[in-house]
Amino acid sequence: MQRSLRLRLVVCCVALHAAWSIAGDALAAQTDQPPLNFVVILIDDMGWTDLSCQGSTYYETPNIDRLAQQGMRFTNGYAACAVCSPTRAALLTGRYPARIGVTDWIRAKFQRGRLPGGVDDRPAYEGSNKQSVLCPTNPFWMELEEMTLAEALSAAGYTSCHIGKWHLGVEGYYPEQQGFDVNIAGCDLGQPPSYFDPYENPRYNIPNLEPRKTGEYLTDREADEAAAFLDAHRDKPFFLYLAHYAVHTPIQAKQDLTQKYEGKPKSNHKNPVYAAMVESVDDSVGKVMQKMEVLGLTERTVVIFTSDNGGLSTAGNINGPTDNSPLRSGKGHAYEGGIRVPLIVRWPGVVTAGSKTDVLASSIDIFPTVLAAAGIELPRNRGIDGVDLRPVLAQSGELERDALYWHFPHYGGDQRRPHSIVRRGDWKLIRRYDTDTRELYNLADDLGEQNDLSSEMPDRVSELDEQLSDWLASVGAKLPRPNPDYQGEAP
């Protein structure tokens, strides 16, 4: 019996060693070649099912589908937050938003009232007497002390370019102050004033995007800028961060594409203007992929495609332009519709074309994965929460991760409420701060989160809640506090 067990263990170890050796050979072969290039495409507010390859029969995304056919699709891909700025900070640093301190979307300069751009003298906590808890005040920028992908790659000779939405602070906190050599259209705005040139409205404009052709569509312009950057930097290692403003509001699209979808049979997806916006994003991805092919860059370029949060779906008092079903709810909310997003990685020679995985992955994993692929050590002077996805991408091993976490200690205007989340395996616990309640779901059996098991499984709730508390303490998360001036009904 013992001999048989030892034999099985030896066989398993040999098999595991062989798998790692194969992956190691593939990855080591990269070191004999010129440095890898990296393209990260981040879409704003794109839902989990907003792609053909993710199940939509209404939206048409042949170029993104082709990217998935050439790479690996993560069916359990997550944004680090259910709203934009925290996810953007997490993607660029590999750190949870709770550790960074950016846990809600950052207000643009024109949204601040009396406060000028470089000043933030608000109290540490805020809230009205209609809210049962006081919430930590979200900062107006990501601190410059954070190390971004651009900064880490620059030390290895990479040229970095940001195109599109930044939303991590005002002047002085723009991409060029965070390691990017080129910044096109990246500013404090969370959405464009208009998707049509000259990209302005009566309140504000994009300060660092010169109008080029009246009526030109913003997504097309971003694609052109990306192609031009690839042309100019084909002969040296580069990092292109194409962070589209689309498909965020305002919901505006080119008229010819909109007409195409007006005549198409509807499904749960049925907004023709939004569908046209999705197709323009797909066209942009196609232009970037084609330019890399023409320049001979495809085989030496890792492409990562994802979204900053779930789709803006009908929830609360929001009538959203998309539908995240079978996931529940959408952007800003703790349910899967708010945080589960498309995630696709293409890496020729390492990733098997057309593969997919149900491994849990998050925005925080992009930073360590890119640095590992570039042969750059992680910084040792700060906590990095993401993990290197290469074992999964090469199908050679498992990730060293027990769980994923989220922390959103804020209220929102459309019934969004302060919460924290832990997902471990198939189990997901949501902690509600305003009501001091817990929700428990088994996502393997209940992807739509319709069956709260918290009352039936108190021990599981206690176990996950304790784990969540330990994590919150470990990252120094700022928690909501009871509001002494609360005048509403008892939570």
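This note goes through a predicted model point by point, from its open and closed spaces to its strands, rings and backbone details.

1. The largest pocket is a good place to begin, and its volume comes to about 520 Å³. It is lined by 27 residues, and those closest to its centre are Trp105, Gln191, His248, Lys331 and Arg416. When the residues of this lining are divided by class, 12 are nonpolar, eight are polar and seven are charged.

2. Apart from the pocket, the count of cavities of 30 Å³ or more comes to one, and the space in this largest cavity is about 90 Å³. Of the 14 residues in its lining, Ala80, Cys81, Trp406, His407 and Phe408 are the closest to the centre. The elements that give two or more residues to the lining are helix 4 (97-100), strand 13 and strand 14 (419-424), and strand 13 gives the most, with three residues. The lining of the largest cavity has 11 nonpolar and three polar residues, and no charged ones, whereas the lining of the largest pocket has seven charged residues.

3. His407, one of the residues closest to the centre of the largest cavity, can also be followed to another part of the chain. Its C-alpha is 7.8 Å from that of Ala477, although the two residues are 70 apart in sequence. Ala477 is found in the loop between helix 12 and strand 17, and it counts as buried because its relative accessibility is 15%, where the cut-off is under 20%.

4. Strand 13 also takes part in an aromatic pair, for which the reader may turn to Tyr405 and Trp471. Why is the pair of Tyr405 and Trp471 called stacked? The ring centres are 4.6 Å apart and the planes stand at 5°, and planes under 30 degrees apart count as stacked, so the pair meets that rule. Tyr405 lies in strand 13 (residues 404-408) and Trp471 in helix 12 (residues 458-474), so the pair ties together parts that are 66 residues apart in sequence. Both residues are buried, Tyr405 at 11% relative accessibility and Trp471 with a relative accessible area of 8%.

5. The structure holds 18 aromatic pairs, and Trp166 and Phe180 form one that is edge-to-face, with 5.9 Å from centre to centre and 85° between the planes. Trp166 and Phe180 are 14 residues apart, and each is placed in the loop between strand 6 (159-164) and strand 7 (182-184). Trp166 is buried, with a relative accessible area of 1%, and Phe180 counts as buried at 3%. Elsewhere, Tyr58, Tyr59, Tyr261 and Tyr274 form one aromatic cluster.

6. Phe140 deserves a separate look, since two arginines are placed over its ring. Arg112 lies over the face of Phe140 at 3.8 Å from the ring centre, and the charged end of Arg122 sits over the ring at 3.7 Å from its centre.

7. Among the strands, strand 4 (residues 125-126) and strand 5 (residues 133-136) run antiparallel and are joined by two bridges, with Glu126 standing opposite Cys135 in strand 5. These strands form a hairpin with six residues between them, and Gly127 in the turn has a positive phi of about 160°. Strand 5 is also joined by two bridges to strand 17 (residues 481-482), again in an antiparallel arrangement, and the bridge partner of Val133 in strand 17 is Pro482.

8. Two residues that are not glycines have a positive phi, and a reviewer may wish to look at each in turn. His167 has a phi of about 60°; it is found in the loop between strand 6 and strand 7, and at 2% relative accessibility it counts as buried. Ser329 has a phi of about 65° and lies in the loop between strand 9 (301-307) and helix 9 (336-339), where it is buried with a relative accessible area of 17%.

9. Finally, there are cis peptide bonds to note. The bond from Asp197 to Pro198 is cis, with omega near 20°, and Pro198 has its place in the loop between strand 7 and helix 6 (218-232). The bond from Thr249 to Pro250 is likewise cis, with omega near 0°, and Pro250 lies in the loop between strand 8 (238-243) and helix 7 (255-262).

Key: Residues are numbered from 1 along each chain as its sequence is written. This is a predicted model: local features need pLDDT of at least 70, side-chain atom pairs count only at pLDDT 80 or more; totals for chains, interfaces and linings use all residues. Side-chain values use heavy atoms; hydrogens and water are left out. On a 1 Å grid over the protein atoms alone, a cavity is a set of points where a 1.4 Å probe fits but cannot get out, and a pocket is an open set with protein on both sides within 12 Å along at least five of seven lines; lining residues have an atom within 4 Å of a point. Grid points are joined across faces, edges and corners, and a volume is the space filled by probe spheres set on the points. Ala, Val, Leu, Ile, Met, Phe, Trp, Tyr, Cys and Pro count as nonpolar, Asp, Glu, Lys and Arg as charged, and the others, Gly among them, as polar. Two strands pair if DSSP finds at least two bridges between them. Helices (H or I, at least four residues) and strands (E, at least two) are DSSP runs, numbered from the N terminus. Rings of Phe, Tyr and Trp (its six-membered ring) pair if their centres lie within 6.5 Å; planes under 30 degrees apart count as stacked, over 60 as edge-to-face and the rest as tilted. Buried means under 20% relative accessible area, exposed over 50%, partly exposed in between (1.4 Å probe, protein chains only). A charge sits over a ring if NZ of Lys or CZ of Arg is within 6 Å of the ring centre and within 35 degrees of the ring normal.
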